[in-house]
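Work through the two exercises below with the sequence and the coordinates at hand, and attempt each task before reading its solution.

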Amino acid sequence: MSTATADGAATPGRASSAPPAQRPGAKKRKSVMGTRPWLAAVFLLPALVLLGALVVYPIGYSVYRSFFDASGNGFVGLDNYQEMFSDDATKTAIKNNVIWLILAPTVSTALGLIFAVLTERVRWATAFKLVVFMPMAISMLAAGIIFRLVYEQDPDKGVANAMWVSVHDSFSESPPFPGAHPRPTAGLTEASNGSFTTRDTVRAGTPTSLPLVAAKRGDISGAQDAKAAKAEPGKVTGTVWFDFTRGGGGEQGTIDKGEKAMADLKIEAVKDGKVVARTTSASDGTYTLPAKAEGAQLRLPAWNFAQPYNGVDWLGPSIVTPAIIGAYVWIWAGFAMVLIAAGLAGVPRELMEAARMDGATEWQVFRRITVPMLAPVLSVVVVTLMINVMKIFDLVYIIAPGPSQDDANVLALQLFQSSFGTDVNQGLGSAIAVLLLLLVLPIMFINIRRIRRESRR
């Protein structure tokens with residue numbers, strides 16, 4: 001064997017080190033595109049056709065349609081865009097989309113991070129992950145129906161208000177007889193605040209009866225029979241009872257057999273606008289006030305008859321958007337947890353153990369090691385959820401009731417209402433679609449740059 005020297009002479013015993021493609025007479029290899037471009041085109045054609053039919057054409061037509069009026073025949077230029085930014089509904093939708101963009105990805109990612117870290121410290125980690133991730137298996141339609149029931153105003157139907165009312169009633173006393181009031185002939189006058197006051201002053205040693213009606217059957221069921229109060233020297237006494245005899249009959253203003261006592265009513269003795277004594281009716285309806293109540297008027301405060309605390313209006317105009325975001329977080333926190341848990345499995349444990357050996361607390365390990373190491377995964381989760389919430393539609397459409405739907409409006413819902421609602425204007429709807437596309441594009445570009453940057457590592 002021989003090799004060529006600089007002057008072209010061959011040197012025996014050496015093999016040629018030049019690549020085969022650079023050797024004299026070697027043929028240059030061609031790619032599939034170079035040799036058989038039609039074959040590559042055949043494989044790419046179905047994908048290109050689908051891409052053009054499902055993506056490129058709809059985008060192009062939406063941009064084109066946004067320059068025409070509702071009928072699609074009259075060219076209006078930028079009038080649809082001007083109307084879009086001057087319309088209150090669209091302004092509300094943009095504001096709510098900003099709220100969604102800030103709250104939903106942040107809260108979902110934060111909860112996912114917390115759950116992922118906790119699963120490493122609990123015994124039943126797999127079961128815990130399964131329970132948290134399970135809402136992802138439920139469609140948005142089903143989740144919307146579920147949370148529409150969860151947010152029901154009636155505590156007997158809505159889980160959220162049932163829990164909220166239970167906590168509230170644990171720290172505050174509930175009114176005993178909502179809606180009850182005295183008979184017109186009972187000698188009590190109603191004040192503007194809903195309280196009732198006797199017209200005459202009371203005297204010690206003479207019982208004062210306070211008959212009431214209109215109490216709910218459930219509030220008096222199981223109550224004791226009313227008992228006539230005994231006269232006590234130097235004290236003001238009387239009875240508060242439900243002045244109604246089942247089946248009719250009986251005498252108004254008189255305690256008849258079987259009429260029920262009204263216990264736990266607050267009673268105040270008032271002189272010159274000042275409360276001089278207070279008491280609460282007993283289980284048999286009787287009450288007793290000290291001697292200083294003589295010559296005062298008796299007042300039944302409005303609290304006795306106020307409606308009980310009925311919870312929070314979750315789907316009211318003020319908090320309907322955060323309430324729907326709560327439903328979204330319930331669904332997507334499991335998605336964030338699974339991705340973050342997968343990234344957490346790749347974090348070197350040696351770094352954490354070394355930090356603990358150096359005296360770092362668990363919070364310092366989490367903040368200075370775990371979170372920075374998970375930064376690429378967290379960015380993936382956040383960007384994915386940001387793109388997702390920009391297109392949110394079904395949860396808002398299903399959960400928000402009719403009176404609050406305008407307050408919960410988002411761009412995708414406004415697009416639907418403008419294009420297919422009562423006042424159909426597909427020119428305006430197309431303009432909203434273009435706006436939504438322009439808002440999503442920067443997030444997509446950020447995601448693409450992140451993917452390319454990670455691929456170069």
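Strands (E, at least two residues) and helices (H or I, at least four) are DSSP runs numbered from the N terminus, and two strands pair if DSSP finds at least two bridges between them. This is a predicted model, in which local features need pLDDT of at least 70 and side-chain atom pairs count only at pLDDT 80 or more, while totals for chains, interfaces and linings use all residues. Residues are numbered from 1 along each chain as its sequence is written, and side-chain values use heavy atoms, with hydrogens and water left out.

**Exercise 1.** Determine the strand order of the open sheet of 4 strands, and the sense in which E7 and E10 pair.

Step 1: the order is E3-E6-E7-E10, and the pairing is mixed. Step 2: strand E3 (181-182) and strand E10 (286-289) are the edges, each pairing on one side only. Step 3: strand E7, covering residues 236-242, runs antiparallel to E10 over 4 bridges, and Gly238 has Tyr287 of E10 as its bridge partner.

**Exercise 2.** Explain why the protein chain counts as more spread out than a compact globule.

Step 1: the chain comprises 16 helices and 11 strands. Step 2: its radius of gyration, taken over C-alpha atoms, is 38 Å, well over the 23 Å from the globule rule for 457 residues (2.2 Å times the number of residues to the power 0.38), so the chain is more spread out than a compact globule. Step 3: along the principal axes, the C-alpha trace spans about 140 × 75 × 40 Å. Step 4: buried residues, meaning those under 20% relative accessible area with a 1.4 Å probe and protein chains only, make up 35% of the 457.

How values were computed
Buried < 20%, exposed > 50% of the residue type's maximum accessible area, 1.4 Å probe, protein only.
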